[in-house]
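Colleague: Please take a close look at one thing for me: the empty space in this model. I would like to know what lines it.

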Amino acid sequence: MTNISIDDLKSIKASGQKFAAITAYDYSFAKLIDKAEIEVTLVGDSLGNVIQGQQTTIPVTLDEMAYHTTNVKRGIRSSLILSDMPFMSYATVPQALDNAAVLMQAGAQMVKLEGGEWLTETVYALTERGIPVCGHLGLTPQSVHKLSGFKVQGKDANAADKILAEAKMLEEAGADLLVIECVPSALGSNLASTLDIPVIGIGAGSDTDGQVLVLQDMLGISDKAPKFSKNYLAQASSIQDALSAYRKEVLNGAFPEPKHGF
């Protein structure tokens with residue numbers, strides 16, 4: 001597999017095909033992910049939960065994100081590397097520019113930010129300076145306290161309309177990808193069909209352009225796997241086979257099933 005680019009992901013969407021994404025935090029797993037030909041590797045601030053044992057992603061620092069991005073980069077040859085900007089590392093435009101530069105220099109090829117309308121100026125500033133951006137709407141884990149917990153978002157018409165409107169704003173500001181988390185499957189489908197940029201779902205139904213899971217969830221080693229995940233190691237002989245099975249099921253539409261959605 002050749003190096004995956006933003007244009008490749010857009011071409012996959014345009015062709016009506018699917019692509020897979022998964023989190024990674026170190027060199028060893030990154031090598032396996034790359035061998036499985038998974039298109040996008042997300043260095044997620046979920047490392048706070050699954051690596052550090054934190055209750056939320058909020059304690060994760062920029063230095064920690066840069067450290068894990070560097071380690072993942074060493075194991076990747078083809079997959080597109082996407083890194084989360086951690087809590088309050090992009091509260092202002094100058095702060096976002098400085099901190100995104102750190103992650104890009106650590107090996108990221110794109111950064112991900114959580115938020116909607118308030119982020120448009122930041123997204124524009126980053127993309128104008130050559131830093132690709134992935135938006136993140138729906139359940140935004142860095143706002144877990146404001147959201148009063150890990151709850152499905154966009155359940156009523158007004159909330160769904162707001163998410164759709166903010167997604168369009170992010171796209172117009174220059175975002176090249178969007179992650180949509182824990183929303184009704186119908187909203188995930190609407191977003192994917194409305195936006196020109198690829199939409200990656202996690203707990204957002206089967207009609208998004210791509211799917212992403214936390215590595216530890218799909219290997220069945222998290223403390224409590226969410227409803228939208230699936231344990232691929234349960235029926236695989238190795239981690240490598242589990243990763244390949246995950247990608248295969250995303251591409252052929254077997255995952256996610258209705259039971260994994262809302």
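Modeller: First, the residue classes: Ala, Val, Leu, Ile, Met, Phe, Trp, Tyr, Cys and Pro count as nonpolar, Asp, Glu, Lys and Arg as charged, and the others, Gly among them, as polar. This is a predicted model, where local features need pLDDT of at least 70 and side-chain atom pairs pLDDT 80 or more, while totals for chains, interfaces and linings use all residues. Residues are numbered from 1 along each chain as its sequence is written, and side-chain values use heavy atoms, without hydrogens and water.

Start with the enclosed spaces. The structure holds 2 cavities of 30 Å³ or more. (On a 1 Å grid over the protein atoms alone, a 1.4 Å probe fits in a cavity but cannot get out; a pocket is an open set of points with protein on both sides within 12 Å along at least five of seven lines; lining residues have an atom within 4 Å of a point.) The largest cavity encloses about 50 Å³ (the space filled by probe spheres set on the points, which are joined across faces, edges and corners). It has 13 lining residues, and Gly203, Gln211, Phe228, Phe255 and Pro256 are the closest to its centre. Its lining is mixed: 7 nonpolar, 6 polar and no charged residues. Strand 7 (199-202) and strand 8 (210-213) each supply at least two of them. (Helices, H or I with at least four residues, and strands, E with at least two, are DSSP runs numbered from the N terminus.) Strand 8 gives the most, with 3 residues.

What lines the second largest cavity? Ala21, Val40, Leu42, Leu82, Val179, Ile200 and Val212 do. That makes 7 nonpolar, no polar and no charged residues. The volume here is about 30 Å³.

Now the open spaces. The largest pocket holds about 920 Å³. Of its 37 lining residues, Asn49, Phe150, Val214, Asp217 and Pro226 are the closest to its centre. Helix 3 (47-50), strand 4 (110-114), strand 6 (177-181) and helix 9 (215-218) each supply at least two lining residues. Charge appears in this lining: 10 residues are charged, beside 16 nonpolar and 11 polar.

The second largest pocket has a volume of about 520 Å³. It is lined by 24 residues, and Gly115, Gly138, Thr140, Ser143 and Leu147 lie nearest its centre. Strand 5 (133-138) and helix 7 each supply at least two. The largest share, 4 residues, comes from helix 7. By class, this lining has 10 nonpolar, 8 polar and 6 charged residues.
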